[in-house]
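Trainee: Got a minute? I'd like to go through this one with you and ask what's behind the labels people put on it.

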Amino acid sequence: MKLFTNSFFKPGTPGLSNEMQAHYSSRRALSVKGAKGMRINLLIVLLLALCLQASAAANFVTGKVVDADTKDPLVSATVTVKGTSKNATTGLDGTFKIDVSGFDNPVLVVTFVGYVVKEVPVAGMSNVGVIALKFSATGISEVVVNGDIAIDRKTPIAVTSIGPQFIEEHLGANDIPELLKSVPGVMFTAQDGGYGDSRISIRGFSSRSGNGNVAFTINGIPVNDPETGTLYWSDFSGITDVASSIQVQRGLGASKIIIPSFGGTVNITTRSTDMQEGGYVLETLGSDGYNKTGVLVSTGLNANGWAATFQGSRTQGDGFADGLAFLGYNYFFNLSKIISPSQNISFNIIGASQTHGQRPEEPIVDYQTAPQGINWNAYLGVENGKQVNLYNNFYSEPMLSINHEWIINNESSLSTVVYALFGDGGGGNIYSGGFSANELDLPRIGNLYTPINFDAIEATNAANSDGSALTYGVAAHDQTYWYGLRSTYKTVIGKYIDISAGIDLRYYYGNHYEEVTDLLGADYVSYNYSGNPALGTAQGDINAPIYNVGVGGKIYYYNRDYVESGGAFAQAEYSKKDFTAFVTLSGSENGDKRTDYFNYLNGDPHQTSPYVNFGTYQAKAGANYNINSQMNVFANIGYLTKPPYFGNVFEDFTNQVNKSAVDEKLFSYELGYEFKAHGFSTTVNLYRTQYMDRAFASAYSDPSTQAIYTANVSGVGEMHQGVELELKYRPIKEVLIGGSLSLGDFYYTSNAGPVTVFNSAQQKVGTVDEVYLKNEKVGDIAQTTAAGFADFTIVPQLKVGVIYNFYGNYSSYVPFQNYTTANLHPYMVPNFSTWDLNGVFKFKMAGFNSELIATVNNLLNTKYIADSEDYNGKGLASGVDVYYGLGRIFTTGLKVKF
């Protein structure tokens with residue numbers, strides 16, 4: 001039987017080597033012993049030939065994808081043949097292999113979340129070598145315009161960007177503020193140590209409630225509380241799981257939002273349209289019972305232009321200190337559609353629901369004598385044999401947004417985002433006799449350092465003859481509703497001028513009330529009406545003069561606050577070769593209104609105030625010049641105004657308008673220099689900022705009674721000036737070292753007054769004519785900070801890092817109302833430093849890219865004061881209440897990517 005003719009294999013047949021042809025010829029010369037043997041031998045020959053033909057037909061291209069700055073391999077980067085769905089994913093060492101056969105001039109598109117997309121022509125190539133991706137603070141087209149992102153060597157501002165790899169390797173059990181603590185000009189504290197309770201300051205400007213001067217945006221959406229300016233990180237605790245970049249803009253920044261920050265802006269960019277199908281599962285364990293379970297799934301972009309990503313996680317733990325147990329659920333969902341080559345739209349949901357224990361600041365001496373040390377929590381109690389902490393926080397706030405990006409033509413684009421946030425929750429406390437209870441006076445199991453005896457409190461309440469509660473649990477409840485729209489149009493005029501203009505609209509209202517949460521054995525809380533609402537001395541509900549309040553009933557205050565704002569902005573940017581300059585102008589109208597349901601009769605036209613309006617504007621300009629490929633210099637200058645916070649617009653927590661409330665003002669200028677060459681980079685910034693007509697509400701507690709008070713302060717002037725240094729150096733491929741240094745000089749330029757003081761029931765208790773602040777240091781921040789870090793790649797799969805942070809020249813937070821005589825000086829917090837350690841090991845597990853990530857914060861378990869309030873101005877440790885910083889905390893996590 002003749003299986004093949006001589007014509008099947010001819011000399012020069014494609015896919016058959018000379019050796020194979022010679023082998024076939026020699027085989028034909030051999031005698032065939034049998035049909036069966038011939039069939040087997042010729043079948044082997046056929047298979048070999050087909051394999052060789054397939055090998056010849058395939059055209060594999062290999063390469064390696066790395067971070068352009070750190071040179072670290074980028075694991076799970078996507079490499080796609082342009083115009084097709086054929087793709088490959090980089091391995092643990094950043095390498096890839098992809099077949100580009102069948103394409104005349106193939107081009108590879110390399111993508112990685114948070115990095116600039118790169119296209120690489122590979123025609124006639126088998127190895128493209130190293131492909132270096134530049135970190136981008138966006139990496140996502142839909143948020144570039146609305147996100148106000150700074151561009152290196154172009155945008156003339158002081159900026160530090162953190163990429164997804166840093167976030168992943170250092171996150172552990174941290175909030176975003178702790179990831180930023182080594183950025184120059186930034187200070188972080190965990191405050192009471194509760195879940196999501198941390199705060200930051202930038203260049204001496206705090207994010208505290210009532211005077212929040214650090215702006216936060218998520219995908220260009222402003223998320224600071226419209227009434228107080230602060231941000232509660234527990235509301236967005238899951239954002240770290242989906243953040244692709246965090247950019248800290250210090251000073252004026254590139255932000256064009258109509259209500260600006262004065263200290264700086266933190267821009268958080270989340271993942272969006274994932275081109276590649278995949279995801280991960282995550283399990284993290286840590287100290288103090290920390291446990292986090294998470295999952296992320298992306299469908300990838302299908303043939304119809306749809307893509308979806310879901311992420312969810314559950315986090316729980318006991319907390320570092322007693323009574324700080326927490327439970328949180330975080331979620332993220334993105335649905336994207338590429339409508340056409342020039343348009344795409346996406347829908348996003350980001351949110352968290354959480355509960356966690358808290359604790360107030362306490363005197364240093366009480367911590368020093370507590371058997372629990374800095375873990376002591378005076379609010380920890382026991383009820384029916386179970387641990388209880390009524391001093392707590394609970395909140396849920398999903399954020400929904402729709403982003404639309406339209407590339408109109410080669411010169412113009414329009415980017416629009418519509419968003420809404422819905423918040424519901426509050427903070428718990430213990431009240432006694434109509435006021436916040438002094439936790440140190442409550443009955444206990446034993447001495448001061450034993451738990452509160454809630455069984456004894458219940459027995460006392462039950463014995464009260466009229467059935468009313470003497471001590472009871474309450475919660476300050478907030479229900480908030482935000483709606484907004486930002487739209488930016490951008491076009492090019494001529495060859496060198498970019499014009500962008502847009503609108504920023506917001507509407508917000510919030511229901512605020514205190515409610516009874518636990519009667520502690522009583523039948524009700526007596527809250528009868530008395531006083532004069534016009535003077536702010538009323539107590540009770542004027543619409544219910546005799547009012548017995550049960551669980552869930554409103555008590556002490558009930559009002560609805562409205563904040564609305566609308567404005568427009570325009571920016572012109574000139575860019576030619578090595579020179580860039582910009583001018584930004586914006587204006588807005590902001591209105592505050594208040595409805596009071598307790599102090600005014602239903603039907604009284606004064607129950608709702610008219611809107612109180614404030615017109616504000618911004619004018620900023622800057623320029624950057626690239627001296628050469630290694631050096632650039634920049635400068636910026638600006639004058640900004642913004643409305644006072646809501647608490648300063650109305651007097652005495654009534655609808656009476658504060659006539660002295662005026663716009664706050666800021667004048668700032670800055671110079672910067674940057675140098676990059678041969679693995680070394682450094683940036684130096686010098687700034688000077690004058691803050692005028694500052695007004696804010698300051699919460700504090702009386703050290704003698706422990707009662708909570710609020711002080712409204714107006715007419716404060718401040719100076720913030722300093723120098724910042726940031727550097728990095730890679731002496732060899734496997735080592736990266738760097739650090740930062742900030743030397744600040746922040747002080748008050750004038751005295752202030754008058755100051756109105758209110759108790760926790762929003763009742764006026766006094767007025768101080770003048771407080772002596774001139775030349776005092778601005779407290780609540782270390783004015784000297786330094787950081788150093790080193791990353792070591794031991795082997796390609798193993799990297800370890802260490803971070804050192806130093807804080808000095810740190811004065812206590814000043815409760816201004818007590819500084820009624822000259823020459824008072826706040827307590828200076830002792831200098832302190834901490835060491836952190838992290839490591840990541842990358843490996844294959846069942847064929848999946850996997851990572852084992854470990855973090856240790858405060859490696860040496862250093863004991864230090866993180867926050868301090870000085871009430872008497874004598875500068876003595878005996879006169880301050882403090883939060884101690886967290887001790888040693890560790891986590892170990894496993895992430896498996898698929």
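Mentor: Sure. Bear in mind that this is a predicted model. Let's start with Asn-219, which has a relative accessible area of 7%.

Trainee: Why is Asn-219 called buried?

Mentor: Buried means under 20% relative accessible area. Asn-219 comes in at 7%, so the label buried fits. Asn-219 sits in the loop between strand E12 (214-218) and E13.

Trainee: And what is unusual about the phi of Asn-219?

Mentor: Asn-219 has a positive phi, about 55 degrees, and it isn't a glycine. Most residues other than glycine have a negative phi.

Trainee: Where else does a residue that is not a glycine have a positive phi of about 55 degrees?

Mentor: At Lys-577. Lys-577 is in the loop between strand E33 (554-576) and strand E34 (579-596).

Trainee: Is Lys-577 buried or exposed, and how do you know?

Mentor: Exposed means over 50%. Lys-577 has a relative accessible area of 77%, so it counts as exposed.

Trainee: Back to E13. What makes strand E13 (221-222) an edge strand?

Mentor: Picture an open sheet of 5 strands in the order E8-E14-E15-E12-E13, with mixed pairing. Strand E8 (158-162) and E13 each have a single partner strand, so one side of each has no neighbour in the sheet.

Trainee: How do you know that E14 and E15 pair?

Mentor: Pairing takes at least two bridges. Strand E14 (residues 243-250) and strand E15 (residues 264-270) have 7, and they run antiparallel. In that pair, Arg-250 of the chain stands opposite Gly-264 in E15.

Trainee: Which residues have the most contacts inside the largest nonpolar core?

Mentor: Leu-180, Ile-200, Val-223, Ile-246, Val-266 and Ile-268, in a core of 85 residues. Take Ile-268: leaving aside neighbours within four places in sequence, its contacts include Ile-176, Trp-233, Ile-246 and our friend Asn-219. Apart from that core lies another one, of 19 residues, with Val-79, Val-122, Ile-131 and Leu-133 among them.

Trainee: Val-79 is in strand E2 (residues 78-81), right? What makes both faces of E2 covered?

Mentor: Right. Thr-78 and Thr-80 are buried on one side, and Val-79 and Val-81 are buried on the other.

Trainee: Which strands does E2 pair with?

Mentor: E2 pairs with strand E3 (residues 87-89) over 3 bridges, in the antiparallel sense. It also pairs with strand E5 (residues 107-111), again antiparallel, over 4 bridges. Each count meets the cut-off of at least two bridges. Val-79 has Ala-88 as its bridge partner in E3 and Val-110 as its bridge partner in E5.

Trainee: Now a helix. Which residues of helix H8 (residues 454-463) are buried, and what puts them on the same side?

Mentor: Phe-454, Ile-457, Glu-458 and Asn-461 are buried. They cover an arc of only 100 degrees around the axis, which puts them on the same side of H8. Their cover includes strand E26 (413-432) and strand E29 (471-493).

Trainee: How do you know that Asn-453 caps the N-terminal end of H8?

Mentor: A polar contact needs N or O atoms within 3.5 Å. Here a side-chain oxygen of Asn-453 lies 3.1 Å from the backbone nitrogen of Asp-455, at the N-terminal end of H8.

Trainee: And how many helices and strands does the chain have?

Mentor: The chain has 8 helices and 50 strands. Of its 898 residues, 57% count as buried.

Notes:
Residues are numbered from 1 along each chain as its sequence is written. This is a predicted model: local features need pLDDT of at least 70, side-chain atom pairs count only at pLDDT 80 or more; totals for chains, interfaces and linings use all residues. Side-chain values use heavy atoms; hydrogens and water are left out. Buried means under 20% relative accessible area, exposed over 50%, partly exposed in between (1.4 Å probe, protein chains only). A nonpolar core is a set of buried Ala, Val, Leu, Ile, Met, Phe, Trp, Tyr and Cys residues joined through side-chain atoms within 4.5 Å. Contact means heavy atoms within 4.5 Å. The arc is that of the directions from the helix axis to the C-beta atoms. A polar contact is a pair of N or O atoms within 3.5 Å; within protein, one must be able to donate a hydrogen and the other to accept it, and residues adjacent in sequence count only if both atoms are side-chain atoms.
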